[in-house]
Amino acid sequence: AQRKRMIDKNKLLVEELSAYLPDRRSELNAGVVRKLRSSTGFSPVEVFRKYLWFLLRERKFDVAAVQDMVLLKSVLGLSDEQVAEALQERAQRIYDKYGTLMLNVDGFTAEGVERKATCRALVSKLLYLTEHEPLVAQGSEAFKTTDLRMIFGATDEDIEKLRIVSLYDLDIDAMESLVQGSAADAAPGEQGSQQGGQPDKPSS
């Protein structure tokens with residue numbers, strides 16, 4: 001019963017925010033998110049983290065998506081340190097589920113290839129967000145806590161290959177090519193995708 005209540009609250013959060021993001025972005029303000037927090041019981045960091053997970057899995061990763069995360073930071077009153085905390089926590093959960101980042105999957109089973117492809121796609125998006133100045137000031141102490149190389153056991157070369165240079169379609173196509181042949185771009189192994197797009201599982 002507790003798990004179902006958490007799923008329902010996660011779903012409510014995503015539905016309420018999706019009513020504003022991205023098409024009615026200008027109407028989303030501190031008052032709206034205050035009411036949402038009251039109805040769900042989530043802290044500002046939890047709201048940011050849960051919508052982040054929905055965005056990483058379900059939304060097209062484009063300029064509008066990144067702008068929405070910047071707006072959420074603002075209306076929730078989050079500091080760079082709190083945003084970094086949410087990004088680091090999500091990265092750790094992805095690592096716990098998918099393991100070490102691997103670009104070479106020779107010899108893997110089809111399931112293994114799919115899992116690693118999903119991991120690569122999620123890391124690419126997280127990397128862009130951690131390096132986006134309006135979310136976390138680059139070079140700050142907060143930024144240092146979001147080093148994805150440390151979390152995923154990745155090399156500088158690995159990270160460079162996954163870095164999204166810009167959010168133009170060409171770059172998104174290049175990122176999505178990482179998961180070609182695996183259907184992993186839909187993140188089928190994730191809880192939410194398996195259950196009709198439901199938001200984060202209760203432990204999140």
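A residue is buried when its relative accessible area is under 20%, exposed when over 50%, and partly exposed in between. The model used here is predicted.

**Exercise 1.** State how many helices and strands the protein chain has, and what share of its residues is buried.

*Solution.* Start with the elements. The protein chain has 11 helices and zero strands. Then turn to burial. Of its 204 residues, 46% count as buried.

**Exercise 2.** Find which helix gives the most to the largest nonpolar core.

*Solution.* Take the core first. It holds 53 residues. L17, L28, F48, Y51, L72, L148 and F152 touch the most other members. Next, list the suppliers. Helices that each give at least two residues include α1 (2-18), α3 (44-58) and α5 (80-98). Of the contributors, α3 gives the most, with nine residues. Now look at Y51. Beyond its neighbours within four places in sequence, Y51 contacts L13, L17, S18, L21, R59, M69 and L72. In general, nonpolar side chains tend to be buried together in soluble globular proteins.

**Exercise 3.** Decide for the salt bridges K4–D8 and R59–D68 whether the partners are buried or exposed.

*Solution.* Begin with K4 and D8. Their closest N and O atoms are 3.0 Å apart. Both lie in helix α1, four residues apart, about one turn of the helix. K4 has 55% relative accessibility, which is over 50%, so K4 is exposed. D8 has 38%, between the two cut-offs, so D8 is partly exposed. Move to R59 and D68. Their N to O distance is 2.6 Å. Both residues are buried. Finally, extend the pair: R25, R59 and D68 are linked in a network of salt bridges.

Definitions and conventions: Residues are numbered from 1 along each chain as its sequence is written. This is a predicted model: local features need pLDDT of at least 70, side-chain atom pairs count only at pLDDT 80 or more; totals for chains, interfaces and linings use all residues. Side-chain values use heavy atoms; hydrogens and water are left out. Buried means under 20% relative accessible area, exposed over 50%, partly exposed in between (1.4 Å probe, protein chains only). A nonpolar core is a set of buried Ala, Val, Leu, Ile, Met, Phe, Trp, Tyr and Cys residues joined through side-chain atoms within 4.5 Å. Contact means heavy atoms within 4.5 Å. A salt bridge is a side-chain nitrogen of Lys or Arg within 4 Å of a carboxyl oxygen of Asp or Glu.
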